[in-house]
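Q: Got a minute to walk me through this one? I'm new to it.

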Amino acid sequence: MTTLRKTARAAGAAGLAAAALAVTAFTVPAMAAPAGASSDTAPARPGHEATQRAMDAEVQRGTPGITAQARDTNGVWKSTSGVGNLTTGAPRGTNDRFRAGSITKTFVATVLLQMEAEGTLDLDDTVEHHLPGLVRGNGNDGGKITVRHLLNHTSGLFDYLADEEYVDTYMRGQGYLDHRYDTLPPRKHVKVALSHAPLFEPGEQLSYSNTNYILAGLIIERAGGRTYEAEVRDRIIKPLGLKATSNPGNSIHIPRPSSRSYSKLFASAPERIDDVTEMNGSQGWADGDIISTTGDLNRFYSALLRGELLPPQQLKAMKTTRSMPETPDLSYGLGLTRFRTSCGTTLWGHGGAMVGSNSLAVTTEDGRHQLALNRNGDWNAGSLREIMEAEFCPAPPPSD
């Protein structure tokens, strides 16, 4: 679905692009806690007033709630705006866990680049080499697609989340409510994608496709002889001490502390908001299943950009980008997005979306200034960029 892919790009490579599904730019009255209020933190550190104002403005536009953490030379700033539960009015928590969506892709790319550094595989290996016979039919040819093509979205493979039948069944309306607890094996996603012809020959263009990272996860398992989840846990989560980060597997729950997640699933009922907190984690897998916190994501991206996870050669490859169509301020490397702010700052990170959840995590080139945030409503797509701009290009407060 062309509109879905374009929305994913416009949201900063948000990945699953759930925020674009069957929702409108409808604004509901904000059910907000006091600005910056939090259930589990002391008063926020000063110096991020513009970021807080941008968060509060997003809540006033109708997002239920936002949680954020920034880290810089002055220390750690945690804050929230809005609510974590529309029924009880409980505020969002600064330590909330949430579905991070396509931020997962940076974890996956990091594992594969570590494997390359160890000699387990090569980025120029073909998909056919690691997964013989899997990518065939309708003009698709795994013998022409390399691991690198998967990681930088130049494979030409159709995005399974652009398949109308899949979206209607699993991601919007009554289909989502009926199938949210279904277990979906990774190869089902691949099968959906391969029912379509490729968009272009491998390497010719960049087109964001979640199918690429399903295949990347399968290659991790084939090359490493263990599950994708085990590789992520032992190579990244444990070494960095990311105690609040996990892969859900088939679980339907988000570990606590966490807030509820909300979606506008029905285009015909734009005022309707459904609680979509529970869903089977297998419906994301290696393209978007990780559950994390703002603090853990900041730690991850800081460590990555500082060279703690990859040798220089692999980190350089990860940061070798191609421009993204229609978004000149964005370019994409290997599971890593390069952002260019309005004030000229270069940031590295990724966006992520699941049904009911939008996230963004970015860091400066030197890994010394990070911002991670999550909102628990999947409409108003794109405004997380405004909060990022406020953090890294703060404007003075409005005059009275």
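A: Sure, we'll take the sheet and then the disulfide. Keep in mind that this is a predicted model.

Q: OK, the sheet. How many strands form it, and in what order?
A: Eight strands, in the order β2-β1-β14-β13-β12-β11-β10-β9. The sheet is open and the pairing is antiparallel.

Q: Which strands stand at the edges?
A: β2 (75–82) and β9 (322–324). Each has a single partner strand, so one side of each has no neighbour in the sheet.

Q: And the twist from one strand to the next, what does that average?
A: 25°.

Q: Zoom in on β12 and β13. How many bridges join them?
A: Eight, with the two strands running antiparallel. For example, alanine 353 has asparagine 358 in β13 as its bridge partner.

Q: What does α13 touch on the sheet?
A: α13 packs on the sheet and touches β1, β10, β11, β12, β13 and β14. Its direction makes about 150° with that of β14.

Q: And where does α2 lie?
A: Helix α2 (residues 49–60) lies across β1, β2 and β14. It runs at about 20° to β2.

Q: New topic: disulfides. How many does a search of the whole structure find?
A: One. Cysteine 343 and cysteine 393 form it, with their sulfur atoms 1.9 Å apart.

Q: Where do those cysteines sit in the chain?
A: Cysteine 343 is in the loop between β11 and β12, and cysteine 393 is in the segment after α13. They are 50 residues apart, so the pair links distant parts of the chain.

Q: Left-handed or right-handed?
A: Left-handed, because the torsion about the S-S bond is about -70°.

Q: Is each cysteine buried or exposed?
A: Cysteine 343 is partly exposed, at 43% relative accessibility. Cysteine 393 is at 17%, so it counts as buried.

Technical notes: Residues are numbered from 1 along each chain as its sequence is written. This is a predicted model: local features need pLDDT of at least 70, side-chain atom pairs count only at pLDDT 80 or more; totals for chains, interfaces and linings use all residues. Side-chain values use heavy atoms; hydrogens and water are left out. A disulfide is a pair of cysteine sulfur atoms within 2.5 Å. Helices (H or I, at least four residues) and strands (E, at least two) are DSSP runs, numbered from the N terminus. Buried means under 20% relative accessible area, exposed over 50%, partly exposed in between (1.4 Å probe, protein chains only). Two strands pair if DSSP finds at least two bridges between them. Axes are lines fitted to C-alpha atoms, for helices over the stretch in contact, and angles run from 0 to 180 degrees between N-to-C directions. Contact means heavy atoms within 4.5 Å.
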